[in-house]
Amino acid sequence: MACLAWTHWAVWAAAIALAAAASARAGTLRRVAAAASVVVVPFALWAFGIHGLFFPEGTTVLAVWGPARVTAEGLAYAGAFVLRTAALVAVMLAFSVWVDVGVLRTALIRRGVPSSLGYVLASALGLAAAVTERLRRIREAQEARGLVVRQGPGGRVLAARLQILPLVLALVDEAGERATALDARGQTLPGPRTAYLDEPDSRAQRGLRWTLVAAGVLIAGSVVLPALVRVASGGAG
C-alpha cells in the first residue's frame, strides 16, 4: 500500500530492502531474486525503451537518433516506474514464497472467508512455486532425453521455447484435476469447514497484524484526507 500511496523512490527502495531482508532471514532470497528478475528485467527493458527514447514531455535532450530522443525526464520517469514495479514484485514474491499456503487458507476459512475464495487466494500465492517446480521437472525430463542447452541468451531462449508448451499443457491438465478433486471433496457445499492443519497464532503475530492494519489506515488517510481537503477548498472557493 505504501508503494502505491507514496510516490517516492525512497519508499520503493525501502520496500525492496525490507523484502530482501525478510527473504534472507527466511532462506528464500535466491528464489525470490531469481523470480523477480524474470519479471522485472524484461519490464525494465520495455520501460526504458519506450519512455527513455520516446517521452514527449522531455525537454532535457541527452542524445538523438532519428525520431528517438533520450531525455533526462524520460529516463527519470522510466526509472521511477521500474523501481515501483520492482518493489511491488519483490514484496509479493517474498510473501508468496515465505507464507505457508495451507495454513493461510485454513486461517481465512476459519475467519469466515468463503472456501472458494480462500482456495483462489491460496492458489494465486502458490502459483509461482508451482510453476517453478513444474518447469524444473520439465527441464530435467528434456535433459534426460538428450536436450542440450547452449550457453548464452540464444540457447536459453531456445530452451524456454521448448519448455513453454509442455508447461502450459501441464498447468491446464493440473487445473482440471484440481477442479475434479475439489468437487469430490464437496468444495461447493454449504456449511462449516474443518481442517487438519493447526493455525499457529502467537501474541507477536496478532500484534504484528494489528500494527499492519493501523499502518494501512494511516497510509490511506495520508492520501485521502489531503485530497478531500483540496476538494472542499475548491468547492468553497
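Does F43 count as buried, partly exposed or exposed, and at what relative accessibility? At 22% relative accessibility, F43 counts as partly exposed. The legends below describe close-up views of a predicted model.

**Figure 1. The chain is built from 8 helices and 2 strands.** Read from the N terminus, the order of the elements is α-α-α-β-β-α-α-α-α-α. The chain has 237 residues, and 23% of them count as buried. For contacts between residues at least 6 apart in sequence, 60% join residues that are at least 24 apart.

**Figure 2. F43 and F81 form one of the 3 aromatic pairs that the structure holds.** The arrangement of this pair is edge-to-face, with 5.2 Å from centre to centre and 75 degrees between the planes. The pair links distant parts of the chain, since F43 belongs to helix α3 (residues 29-51) and F81 to helix α4, 38 residues apart. F81 has a relative accessibility of 23% and therefore counts as partly exposed, because this class covers values from 20% to 50%. The 22% of F43 places that residue in the partly exposed class too.

**Figure 3. Y77 and F81 form a tilted aromatic pair.** The ring centres of Y77 and F81 are 6.2 Å apart, and their planes stand at 45 degrees, so the pair is described as tilted. An angle under 30 degrees would count as stacked and one over 60 as edge-to-face, so 45 degrees falls in the remaining class. Both residues lie in helix α4, where 4 residues, about one turn of the helix, set them apart. Y77 counts as partly exposed, at 42% relative accessibility. Which residues do the ring pairs link into a cluster? The cluster consists of F43, W46, Y77 and F81.

**Figure 4. H51 is a buried residue of helix α3.** Its relative accessibility is 15%, so H51 counts as buried, for which the value must be under 20%. With neighbours within four places in sequence left aside, H51 is in contact with W46, G74, L75, Y77, A78 and F81. Of these contacts, W46, Y77 and F81 also appear in the cluster linked by ring pairs. The C-alpha atoms of H51 and F81 are 9.7 Å apart in space, while the two residues are 30 residues apart in sequence.

**Figure 5. T71 is a buried residue in strand β2.** This strand covers residues 68-71. T71 counts as buried because its relative accessibility is 0%. What does the side chain of T71 reach at 3.0 Å? At that distance lies the backbone nitrogen of G74. Apart from neighbours within four places in sequence, the residues in contact with T71 are G52, F55, G58, T60, V61 and L62.

**Figure 6. The largest pocket has a volume of about 1,800 Å³.** Its lining is made up of 38 residues, and those nearest the centre of the pocket are F95, W98, L208, R209 and L212. Which helices each supply at least two residues of the lining? They are α1 (2-5), α2 (9-26), α4 (72-98), α5 (101-110) and α8 (203-236). By residue type, the lining of the largest pocket comprises 29 nonpolar, 3 polar and 6 charged residues. As general background, empty space can be found by rolling a probe the size of a water molecule over the atoms.

**Figure 7. R30 is an exposed residue of helix α3.** R30 has a relative accessible area of 75%, and it is therefore exposed, a class that requires a value over 50%. In sequence, R30 and A20 are 10 residues apart. In space, their C-alpha atoms are 9.5 Å apart.

**Figure 8. I109 is a buried residue of helix α5.** Is I109 buried or exposed, with a relative accessible area of 19%? I109 is buried, because its value of 19% is under the limit of 20%. Along the chain, I109 and Y119 are 10 residues apart. A distance of 9.1 Å separates the C-alpha atoms of these two residues.

Technical notes: Residues are numbered from 1 along each chain as its sequence is written. This is a predicted model: local features need pLDDT of at least 70, side-chain atom pairs count only at pLDDT 80 or more; totals for chains, interfaces and linings use all residues. Side-chain values use heavy atoms; hydrogens and water are left out. Buried means under 20% relative accessible area, exposed over 50%, partly exposed in between (1.4 Å probe, protein chains only). A polar contact is a pair of N or O atoms within 3.5 Å; within protein, one must be able to donate a hydrogen and the other to accept it, and residues adjacent in sequence count only if both atoms are side-chain atoms. Contact means heavy atoms within 4.5 Å. On a 1 Å grid over the protein atoms alone, a cavity is a set of points where a 1.4 Å probe fits but cannot get out, and a pocket is an open set with protein on both sides within 12 Å along at least five of seven lines; lining residues have an atom within 4 Å of a point. Grid points are joined across faces, edges and corners, and a volume is the space filled by probe spheres set on the points. Ala, Val, Leu, Ile, Met, Phe, Trp, Tyr, Cys and Pro count as nonpolar, Asp, Glu, Lys and Arg as charged, and the others, Gly among them, as polar. Rings of Phe, Tyr and Trp (its six-membered ring) pair if their centres lie within 6.5 Å; planes under 30 degrees apart count as stacked, over 60 as edge-to-face and the rest as tilted.
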